[in-house]
Amino acid sequence: GLLMNNTVKYETTALAYYNEGNFKQALDTCKIIEDKNSQVRLIYLVRGNISLRNGKLDEAGTAYKKALQVTKGSNLQKADAFIGLGRIASIRNQSDSALNYYKQATNLAPKSSKGYFSQAVLLENEKKYDDALGLLEKAQKLAPKDQVITAVSNETRKKVALARDKEKQE
């Protein structure tokens, strides 16, 4: 009945455990949610994130893909699954694939800084500083208090300035 389908309390609990770094409890709570409703996206996001942190890329990829297939969850959660898949592709040096996943995340959650930031970091690593800077500025507008975005933006601005100075000297 109604009680069986109400997983919100468990979802909040699973997320709290995950954010505390208590991964075993988070996974145990995800199992409870899955038994109640296997269509809850958060289950597979948490599993994917924990697998990724543990370097289990195939396991993480399977979880993120499952997160994209299930029906109960937000577009922001779906975007997070694309970001997870992007991170896996990035670790595997599949830059084009990673960028494509990050763009899908941005399309699903244009008000989230995560997709823009992930794209920017990837482009910055490829020394495409101007492109990265544009994305970092978008991310910064969406998350003005995020110190990581601010720090990366400042570093990238310096690299853009250095690259321009070099061009002038040549």
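## Packing of H8 against H10

H8 and H10 cross in a left-handed sense, and in this predicted model their axes come within 12 Å of each other at an angle of roughly 35°. On the H8 side the contact is made by Ser113, Phe117 and Glu124, while H10 contributes Val148, Ile149, Val152, Thr156 and Lys159. Sorted by class, the residues of this contact comprise four nonpolar, two polar and two charged.

## Overall architecture

The protein contains 10 helices and zero strands, so that its elements, read along the sequence, give the pattern α-α-α-α-α-α-α-α-α-α. Measured out along the principal axes, the C-alpha trace spans about 70 × 30 × 25 Å.

## Packing of H7 against H8

H8 also packs against helix H7, which covers residues 95-108, and the axes of these two helices come within 8 Å and cross at roughly 160°. H7 and H8 are therefore roughly antiparallel to each other, and their crossing is left-handed. From H7 the residues in contact are Ser95, Ala98, Leu99, Tyr102, Lys103, Ala105 and Thr106, and from H8 they are Gly115, Tyr116, Ser118, Gln119, Leu122 and Leu123. By class, this contact of H7 with H8 is made up of seven nonpolar, five polar and one charged residues.

## Packing of H3 against H4

Towards the N terminus, helix H3 (residues 23-36) packs on H4 at an angle of about 150°, with 9 Å between the two axes. Because the angle is over 145 degrees, H3 counts as roughly antiparallel to H4, and the crossing of this pair is left-handed.

In the contact itself, Phe23, Ala26, Leu27, Cys30, Lys31, Ile33 and Glu34 of H3 meet Ile43, Tyr44, Val46, Arg47, Ile50 and Arg53 of H4. The residues of this contact divide into nine nonpolar and four charged, with no polar residue among them.

## The largest pocket

The largest pocket has a volume of about 450 Å³, and its lining is formed by 24 residues, of which Asn49, Asp80, Ile83, Arg87 and Lys114 lie nearest the centre. Several helices take part in this lining: two or more residues are given by each of H2 (8-20), H4 (41-53), H6 (75-91), H8 (113-125) and H10 (147-169). The lining of the largest pocket consists, by class, of 12 nonpolar, seven polar and five charged residues.

Terms used
Residues are numbered from 1 along each chain as its sequence is written. This is a predicted model: local features need pLDDT of at least 70, side-chain atom pairs count only at pLDDT 80 or more; totals for chains, interfaces and linings use all residues. Side-chain values use heavy atoms; hydrogens and water are left out. On a 1 Å grid over the protein atoms alone, a cavity is a set of points where a 1.4 Å probe fits but cannot get out, and a pocket is an open set with protein on both sides within 12 Å along at least five of seven lines; lining residues have an atom within 4 Å of a point. Grid points are joined across faces, edges and corners, and a volume is the space filled by probe spheres set on the points. Helices (H or I, at least four residues) and strands (E, at least two) are DSSP runs, numbered from the N terminus. Ala, Val, Leu, Ile, Met, Phe, Trp, Tyr, Cys and Pro count as nonpolar, Asp, Glu, Lys and Arg as charged, and the others, Gly among them, as polar. Axes are lines fitted to C-alpha atoms, for helices over the stretch in contact, and angles run from 0 to 180 degrees between N-to-C directions. Angles under 35 degrees count as roughly parallel, over 145 as roughly antiparallel, 65 to 115 as roughly perpendicular and the rest as oblique. A crossing is left-handed if the near helix is turned anticlockwise from the far one by less than a right angle, and right-handed if clockwise. Contact means heavy atoms within 4.5 Å.
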